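Colleague: I'm just getting started with protein models and would love a close look at one part of this one. Could you walk me through it, starting from a single residue and working outwards?

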Amino acid sequence: MMSTVRLSFSPAPVHVRTARLVGVAVARRAGVAEELLDEVRLAIGEACTRAVALHRQYGLPDLVDVEMSDQGSYTVRVIDRAPVEAGLGLAALPPDELADESLTDEALTTGVGFALLAGFVEDLSVRPVEMGIGTEVRMVWPVGRKP
């Protein structure tokens, strides 16, 4: 049976833990292999931390949205409402360029987040949201259904 779980939270670091806990519970229920659950937990935490950091950097009170769905694979979407250029700015930089000392702390938070996410998630995409404000971090893991 296909299911979707949606979670919205105020941009406060304390809520990232809740998103991780819910994300792992939904992943387990979706059939993600036990050995991948730590990666799921870390990736969801990193994507949510990135969204919270962007909201706080730009003073945005908007909620961070997380959507977890089971549609043949386990897909997690984390959506922020920060300016698109801020959310995507460092997405294309390779990890070695993220060490550039001229980058600001805020830029590094976003860029390092992408570098870490790429290490946790094989199927990762970052793109502007349809409404033009904010970015979506989409992560996908395989599921193994038990008969």
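**From one residue into the sheet**

Modeller: Sure, let's start with Ala53, which sits in helix 2. Keep in mind that we're looking at a predicted model. Is Ala53 buried, partly exposed or exposed? Its relative accessible area is 26%, and buried means under 20% while exposed means over 50%, so Ala53 counts as partly exposed. Now jump 27 residues along the chain to Asp80: the C-alpha atoms of Ala53 and Asp80 are 9.7 Å apart.

Next, zoom out to the helix itself. Helix 2 covers residues 37–57 and lies across strand 1, strand 2, strand 3 and strand 5 (135–142), running at about 180° to strand 5. Helix 1 (residues 14–30) lies across strand 1, strand 2 and strand 3 (73–79), and its direction is at about 175° to strand 1.

So what are these helices lying on? There are five strands in an open sheet, ordered 1-2-3-5-4, with antiparallel pairing. Strand 1 (3–9) and strand 4 (123–128) are the edges, each pairing on one side only. From one strand to the next, the twist averages 15°.

Let's follow strand 2 (residues 64–70), which runs antiparallel to strand 1 and is joined to it by seven bridges. Phe9 stands opposite Val64 of strand 2, and Leu7 has Val66 as its bridge partner there. Strand 2 also has six bridges to strand 3, again antiparallel; here Met68 is partnered with Val76. The hairpin of strand 2 and strand 3 has two residues between the strands, and Gly72 takes a positive phi near 90° in it. Strand 2 is mostly covered, too: six of its seven residues are buried.

That brings us to the inside. In soluble globular proteins, nonpolar side chains tend to be buried together. In this model, the largest nonpolar core has 30 residues, and the ones touching the most other members are Val32, Tyr74, Val76, Val78, Met139 and Trp141. Two or more residues come from each of strand 1, helix 1, helix 2, strand 2, strand 3 and strand 5. Helix 2, where we began, gives the most, with eight residues.

Want to see that from the sheet side? Take Val78 and leave out residues up to four places away in sequence: its contacts include Ala47, Cys48 and Ala51, along with Val64 and Val66, and also Val137 and Met139.

Conventions:
Residues are numbered from 1 along each chain as its sequence is written. This is a predicted model: local features need pLDDT of at least 70, side-chain atom pairs count only at pLDDT 80 or more; totals for chains, interfaces and linings use all residues. Side-chain values use heavy atoms; hydrogens and water are left out. Two strands pair if DSSP finds at least two bridges between them. Helices (H or I, at least four residues) and strands (E, at least two) are DSSP runs, numbered from the N terminus. Axes are lines fitted to C-alpha atoms, for helices over the stretch in contact, and angles run from 0 to 180 degrees between N-to-C directions. Contact means heavy atoms within 4.5 Å. Buried means under 20% relative accessible area, exposed over 50%, partly exposed in between (1.4 Å probe, protein chains only). A nonpolar core is a set of buried Ala, Val, Leu, Ile, Met, Phe, Trp, Tyr and Cys residues joined through side-chain atoms within 4.5 Å.
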